[in-house]
Every structure is written in C-alpha cells, then in structure tokens.
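Let's take a walk through this protein together, with the coordinates open beside us. We can begin with how its parts meet and then turn to some local details of the backbone.

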Amino acid sequence: MKIEEANIEGFVAPQERGYFQFIAPSTLVGSPFSQEVWGKGKKKAPRILLVFFCVPVAPGRSRVIWAFPRNVGIWLHNITPRWLYHVGQNLILDSDIFLLHVEERKFAAVGLDNWQKACYVPTTSDNMVIAFRNWFRKFCKNQVGWATPQVDQLPPTPTKDQLMERYWSHVAQCTSCSAALKAMKALEVALQIASVAVVGFLAVAKGTLITSTVQRAVVVSTAVLCFAASRWLANFIQKNFYFQDYIHAYK
C-alpha cells in the first residue's frame, strides 16, 4: 500500500487491487476496483464500494455509519433479512472495538504527538494509519473540534460487557433487529410451552392414547427437541442481540 495525493482534503491509498480513499474529516471509501474503472462509466462494469462515516460524538465515543453500494449480487441483498446482515457486520465491529478502546488510552498516556511510541507500525499496510495521524496532527493539531465544549479527557474504562454491549448501541435503534428479537423471544417461549405441554400430554395419555414404546419415544423426543431448540435460541439471542465476548485467540 502507498499514499498518494495527501493534503488537507485527505489522501488516496492505491493497492495492487482497488484503492482506499480518506475524505476529510471522517469518511473512508474503499473498492476492490481501481478508480480508473469507476471513471470509465461503463454501465455493465462491476462496481462495489465500502463507505464508512466515522463521526466523533464525545471523547472516547464515535458513531459509525456505513454503506455497501454495488451493482452486483443485488438479488442476495433482497432475499437476506436485514437483521441477519447486521449480525454479521456487528461481529466485524466486535473484532476491532476493544483493541481500539485500549489503543486510544495508550495514545493518551504517551501524548498524541508521540502516538508511534505506543504502537508498532513497520509495514506498508500501516501507511493509512500513519497518513491519517499525520493529517490529524498537521491540519487538526491532534484535536477534535467539538460542537459544544467538552472535557478533553477519556471516560473511565467500562467492563468488557458494557463496552461491547449490543442492545442499546444498535438493536434498540434498529427496527429490523428489534423486530427479529421480539419474534425470537416469542418463539423461545412457545418452544418452552410446547415442551412442557408434550410432557403433560405424555403423562395424561399414557396407557390410553399412547400405548406403544415407539409412540412414547416419539413424544419424548419431541419434548426434548423443543426444549433443546429453546435453549439454543436463548443462547443465539444473548450472543447476537445483547453481548458476545470476542477473543482474538479463538478466531
């Protein structure tokens, strides 16, 4: 990776395939295709972009807004539930958020002018990080221009489950995810009720409606499957809509 056209408006980082572009002050655009392909304007040419708006809202806290515009694979987007798509993207954010949280405090400890003392950036893949830090120092004097006065101090470090909680930071504000959560909770309760009802039916019908060993085995298996499904669903809900720890060594 290399840096081109670095100035107050941002910079471009072309790669062997595609490019990234930082558009000051808080937008990052990436594509697996070169800018020349985009410039030719061919209607049938595949076009894919990844666009991030990373907006500082308070010391130690940012809002991420992203989009994935493209003219290929649209059918897959149309048939995939939006909440399922969000679950996958939140896992990607989980892989970064804790590291960024710790890194920001290390930068603050050594001073933003000395940020390179807090991390090791020896490869060309680190060039965009270096270019952004140089831009932030040169044109912003390592300061965010807050709309209202802010105490320029990072808040205390919360517990990991608070830092990476998902419900209030996303689910409660997302109509698709909140609707999916409500439906899954209802299904979980329904599975638990079905499990109990099947066991009750077995107790009542034993010796009358259910006379063979095979019939009893089918009813018991149904109850067990309903209960197991409710437990699996409860675990899925907890991990994807509330909190799931991310341990890089296991990924």
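How much area is buried between domain 1 and domain 2, and what share of that area do carbon and sulfur atoms give? Before we get to that, please keep in mind that the model is predicted.

It helps to find the two parts in the chain. Domain 1 is made of two stretches, 4-38 and 45-156, while domain 2 covers 175-242. If you place a centre in each domain from its C-alpha atoms, the two centres lie 44 Å apart. The contact between them draws on 4 residues from domain 1 and 8 residues from domain 2.

Now for the opening question. The two domains bury about 530 Å² between them, and carbon and sulfur atoms account for 68% of that area. On the domain 1 side, look for Arg82, Trp83 and Val87: these residues lose the most area to domain 2, and together they make up 84% of what that side buries.

What kinds of residues does domain 1 bring to this contact? The side that touches domain 2 has 2 nonpolar residues, 1 polar residue and 1 charged residue. Across the interface there are 0 salt bridges, but 2 residue pairs are in polar contact.

Let's move along to domain 2, which spans 175-242. An unreviewed UniProt entry lists residues 186-205 and 217-234 under "transmembrane region". In the model, residues 217-234 are 100% helix and 0% strand, with 26 Å between the C-alpha atoms at the two ends.

Back in domain 1, two spots in the backbone deserve a look. As a general background, most residues other than glycine have a negative phi, and most peptide bonds are trans. Where does the chain depart from the second of these habits? The peptide bond joining alanine 24 and proline 25 is cis, with an omega of about 5 degrees. You will find proline 25 in the loop that runs between strand S3 (19-23) and strand S4 (27-31).

The other spot is glutamate 5, in strand S1 (residues 4-7). Glutamate 5 is not a glycine, yet its phi is positive, at about 55 degrees.

Definitions and conventions: Residues numbered from 1 in each chain as written. Predicted model: local features only at pLDDT ≥ 70, side-chain atom pairs only at ≥ 80, totals over all residues. Heavy atoms only, no water. Domains from an automatic or database assignment. Contact = heavy atoms within 4.5 Å. Buried area = accessible area lost by both parts, 1.4 Å probe. Salt bridge = Lys/Arg side-chain N within 4 Å of Asp/Glu carboxyl O. Polar contact = N/O pair within 3.5 Å; in protein donor to acceptor, adjacent residues only side chain to side chain. Nonpolar A, V, L, I, M, F, W, Y, C, P; charged D, E, K, R; others polar. UniProt positions renumbered as here; feature names shortened; annotations may be inferred. Helix = DSSP H or I, 4+ residues; strand = E, 2+ residues; numbered from the N terminus.
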